Amino acid sequence: MTEPTSLTSALHALLERAIRQAGGWIGFDRYMALALYAPGLGYYANEAPKFGAMPSSGSDFVTAPEMTPLFGQTLAEQVAQALEATGTREVWEFGAGSGALALQLLDALGDRVACYTIVDLSGSLRARQQQRLQAHAGKLQWVGELPEALRGVVVGNEVLDAMPVKLLVRSGGVWHERGVAWHEGRPVFADSPTDLRPPLEIEGPHDYLTEIHPQAEAFVRTLADRLAAGAAFLIDYGFPEREYYHPQRHMGTLMCHRGHLADGDPLADAGLKDITAHVDFTGIALAAQDAGLQVLGYASQARFLMNCGLLSKLEHCTPAQRALGLKLIHEHEMGELFKVIALGKGAPWEPLGFAQGDRTHTL
Ligand SMILES: C[S@@+](CC[C@H](N)C(=O)[O-])C[C@H]1O[C@@H](n2cnc3c(N)ncnc32)[C@H](O)[C@@H]1O
């Protein structure tokens with residue numbers, strides 16, 4: 001495994017070169033793409049452990065499937081209905097991390113899934129996933145990019161938040177794009193004039209920092225383009241645009257995670273920590289609709305999982321398992337900040353996860 005210091009210095013050299021080649025300045029989205037995905041060096045492309053439930057295992061953050069198998073077991077109820085409604089036996093998972101969710105879904109869905117395809121930008125996770133998913137080896141395949149046409153049920157947990165964002169800053173009433181330059185041997189923020197704007201006008205004259213998500217929206221458009229039949233369930237933290245671009249959210253949502261601690265400095269320790277931004281679900285829904293998908297539902301994770309039967313599963317759990325399962329739906333844990341959006345191609349149908357508490361109208 002590459003040592004953290006040599007990893008950081010190799011990534012620094014790459015960043016410096018990229019910035020110099022671009023004339024001294026790159027957009028933050030380019031910086032984030034390199035810091036997270038530069039082959040062998042970026043956070044998701046290097047070999048350091050990052051997934052897991054506890055910092056002691058080398059994990060930097062905990063996701064729902066890492067926390068409890070109840071997440072995948074409950075999502076499986078929705079995936080089973082979607083497979084039947086769309087007449088497919090294929091599941092496609094984007095950004096499968098350690099393979100935890102794949103294992104939970106494959107165990108729960110049994111013969112209802114004939115083929116499970118993992119799509120990830122990070123090749124370094126593949127070996128780990130192969131080992132964890134050995135019992136289902138005959139059904140699994142890995143691809144680096146999407147085929148021309150796919151049929152199936154797509155799932156992605158905490159994938160949209162890992163896609164590079166652009167930073168916009170309003171200072172003294174004037175908008176700039178915040179990018180990255182190189183100064184005295186390290187990356188520094190630098191602002192450049194721009195015509196880019198947030199999708200909503202930000203009320204008030206105060207200084208304001210925020211993000212826009214062209215890559216996440218392009219991802220959804222590509223998905224729409226390639227999905228010949230089926231549905232997609234994307235789960236992540238975020239809000240509709242009215243909340244995202246609220247005048248009071250003047251510091252944006254960009255955040256880094258390392259060793260289960262959050263910090264706000266994405267330019268420090270590149271390659272050694274996760275960089276994320278919340279998801280603008282209105283932007284995702286509009287991109288999907290523009291590209292020919294229907295929004296089948298949008299709800300909090302709590303509502304979605306309860307509609308899919310989490311509470312009855314909790315009845316059969318030990319107190320310790322139940323406590324973890326409840327974190328998925330408690331408002332102050334993952335229940336309210338995390339949302340689920342469902343997108344579909346073909347004849348409309350009603351996913352059970354949105355039977356009550358659908359908030360599509362808030363997008
Ligand atoms: C925060 S991790 C989530 C991992 C896992 N889904 C979980 O819940 O534990 C984000 C993952 O998304 C992957 N990713 C980011 N952009 C992607 C894209 N365009 N296509 C496929 N995977 C992507 C990253 O490589 C990383 O593995």
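Ala, Val, Leu, Ile, Met, Phe, Trp, Tyr, Cys and Pro count as nonpolar, Asp, Glu, Lys and Arg as charged, and the others, Gly among them, as polar. The model is predicted: local features need pLDDT of at least 70, side-chain atom pairs count only at pLDDT 80 or more, and totals for chains, interfaces and linings use all residues. Residues are numbered from 1 along each chain as its sequence is written, and side-chain values use heavy atoms, with hydrogens and water left out.

**Exercise 1.** Determine how the lining of the second largest pocket divides into nonpolar, polar and charged residues.

*Solution.*
- A pocket is defined on a 1 Å grid over the protein atoms alone, as an open set of points where a 1.4 Å probe fits, with protein on both sides within 12 Å along at least five of seven lines; lining residues have an atom within 4 Å of a point.
- The second largest pocket is lined by 19 residues, and Phe-61, Val-62, Tyr-237, His-257 and Phe-338 lie nearest its centre.
- Its lining comprises 11 nonpolar, 4 polar and 4 charged residues.

**Exercise 2.** Identify the residues that come nearest to the ligand, and describe the shell by residue class.

*Solution.*
- A residue is near the ligand if one of its heavy atoms lies within 4 Å of it.
- There are 18 residues around the ligand, of which Tyr-37, Thr-63, Gly-95, Asp-120 and Asn-157 come nearest.
- The shell consists of 11 nonpolar, 5 polar and 2 charged residues.

**Exercise 3.** State which atoms of Thr-63, Asp-120 and Asn-157 pair with the ligand.

*Solution.*
- A polar contact is a pair of N or O atoms within 3.5 Å.
- A side-chain N or O atom of Thr-63 is 2.7 Å from an oxygen atom of the ligand.
- For Asp-120, a polar side-chain atom lies 2.8 Å from a ligand oxygen atom.
- Asn-157 instead uses a backbone N or O atom, 2.8 Å from a nitrogen atom of the ligand.

**Exercise 4.** Locate the ligand among the pockets, and name residues closest to the centre of that pocket.

*Solution.*
- A molecule sits in a pocket if more than half of its atoms lie within 2 Å of the grid points.
- The ligand takes the space of the largest pocket.
- Of the 35 residues lining the largest pocket, Gly-95, Asp-120, Leu-121, Val-159 and Met-163 are the closest to its centre.

Note on methods:
A polar contact is a pair of N or O atoms within 3.5 Å; within protein, one must be able to donate a hydrogen and the other to accept it, and residues adjacent in sequence count only if both atoms are side-chain atoms.
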